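Biologist: Could you walk me through the place where chain B and chain A touch? I'm new to this, so please explain the terms as you go.

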Amino acid sequence: MRTAVTIFPGSNCDRDMIIALKKITGKTPIKLWHKETEVPNLDLIVIPGGFSFGDYLRCGALAARSPIIKSIKNHISRGGAVLGVCNGFQILIEAKLLPGSLIKNKKLLFTCKKTLLEIQNTLPSPFCSGFKVGTTLEIPVAHNEGNFFASKEMVEKLEGEGRIAFKYKQIKNNKNSFNPNGSLNDIAGILSKNGRVLGMMPHPERVINKFQGGIDGLKFLSTSIEHLVG
Amino acid sequence: MKVIINISLKNGVLDPEGQAIKNSLLNLGFKDFNNIRIGKQIILDIDKINKSEVLEEANNMCETILANTVIENYKIDILEGK
């Protein structure tokens, strides 16, 4: 299992992701600096969270035009898998590798809290097929622009094609709004047409140890990696 | 040629920043306004002489990176002779 984590100026979840991937695969992932134009054959590239290029212009806009993106596109065209978390999701959308847009949170607040994700009925995907539909995972979010927005037709299309990976779900007895950002249809993550590119706002790498308050992130990442290998 | 590009959110796209400013204006007693929207302006010089070439270049920039056409509109103004 060969994995890599991309790093842009302003990425800040790269080390956590590297620790998580090493814990699961036993091998340290390759670090890919944003200026690199050639990448070796990989099974999984992870674009981690952060504030690439200071969120200038739009979140992910400048990162999505970096040299490394071309290599990521090649990797995808070879059938390679890509996971974009938070800013990584924003970058995938800005690079037009996933549809829609991520706009400012409805309440205008940077939101950092636990969310409950419900696995949806998706097309075959290494990221979701290892879970029963309706499985819930408790994974935190931390973002200011995670409000998924797209045209009504696009959202319907995504729903119809089974490309919504997970949605936010109400945490038991918690009457506060369970959708942290106001995203359409409570969307928390979406898949590419072939199911091998996933963008998600929640941070699985932040819940991989009990002392972090949970291990659902580890569960999600290790199940995904098992299905990539299998 | 000096070019001014105005980027604004499309109709129907949630603009919480605009809403927050609207509330502040109302709190301050400003009542006679409507339809507040936030946008951004990008000003640059494009090194071409011909106006149509400048427009084409600016258009290209907007489509490639400056605007996210899923949620944003853009308007290009060319200030001739500057």
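Modeller: Here is a close look at that interface, and then at the largest pocket.

Some ground rules come with it: this is a predicted model, where local features need pLDDT of at least 70 and side-chain atom pairs count only at pLDDT 80 or more, while totals for chains, interfaces and linings use all residues. Residues are numbered from 1 along each chain as its sequence is written, chains are lettered from A and ligands numbered from 1 in the order in which they are written, and side-chain values use heavy atoms, with hydrogens and water left out.

Let's start with who touches whom. Chain B brings 17 residues into contact (heavy atoms within 4.5 Å) with 16 residues of chain A. Between them, about 1300 Å² is buried, and carbon and sulfur atoms give 65% of that. Buried area here is the accessible area (1.4 Å probe) that two parts lose on being put together, summed over both. On the chain B side, Leu14(B), Pro16(B) and Ile65(B) lose the most area to chain A, together 37% of what that side buries.

Now for the charged partners. A salt bridge means a side-chain nitrogen of Lys or Arg within 4 Å of a carboxyl oxygen of Asp or Glu, and the rule finds 2 across this interface. Glu17(B) and Lys104(A) meet in a salt bridge through their side chains, at 3.0 Å from N to O.

Which parts of chain B do the touching? Helix H1 (16–27), strand E2 (39–45) and helix H2 (51–66) each supply at least two residues; helices (H or I, at least four residues) and strands (E, at least two) are DSSP runs, numbered from the N terminus. H2(B) gives the most, with 4 residues.

Lys104(A) also turns up at the largest pocket: along with Arg58(A), Lys40(B), Ile71(B) and Glu72(B), Lys104(A) is among the closest to its centre of the 25 lining residues. On a 1 Å grid over the protein atoms alone, a pocket is an open set of points where a 1.4 Å probe fits, with protein on both sides within 12 Å along at least five of seven lines, and lining residues have an atom within 4 Å of a point. The space inside is about 520 Å³, a volume being the space filled by probe spheres set on the points, which are joined across faces, edges and corners.

Arg58(A) has a partner too: Glu94(A) forms a salt bridge with Arg58(A), the closest N and O atoms being 2.7 Å apart. Glu94(A) sits in helix H3 of chain A and Arg58(A) in the loop between strand E3 (44–47) and helix H2 (67–77) of chain A, so the pair ties together parts that are 36 residues apart in sequence.
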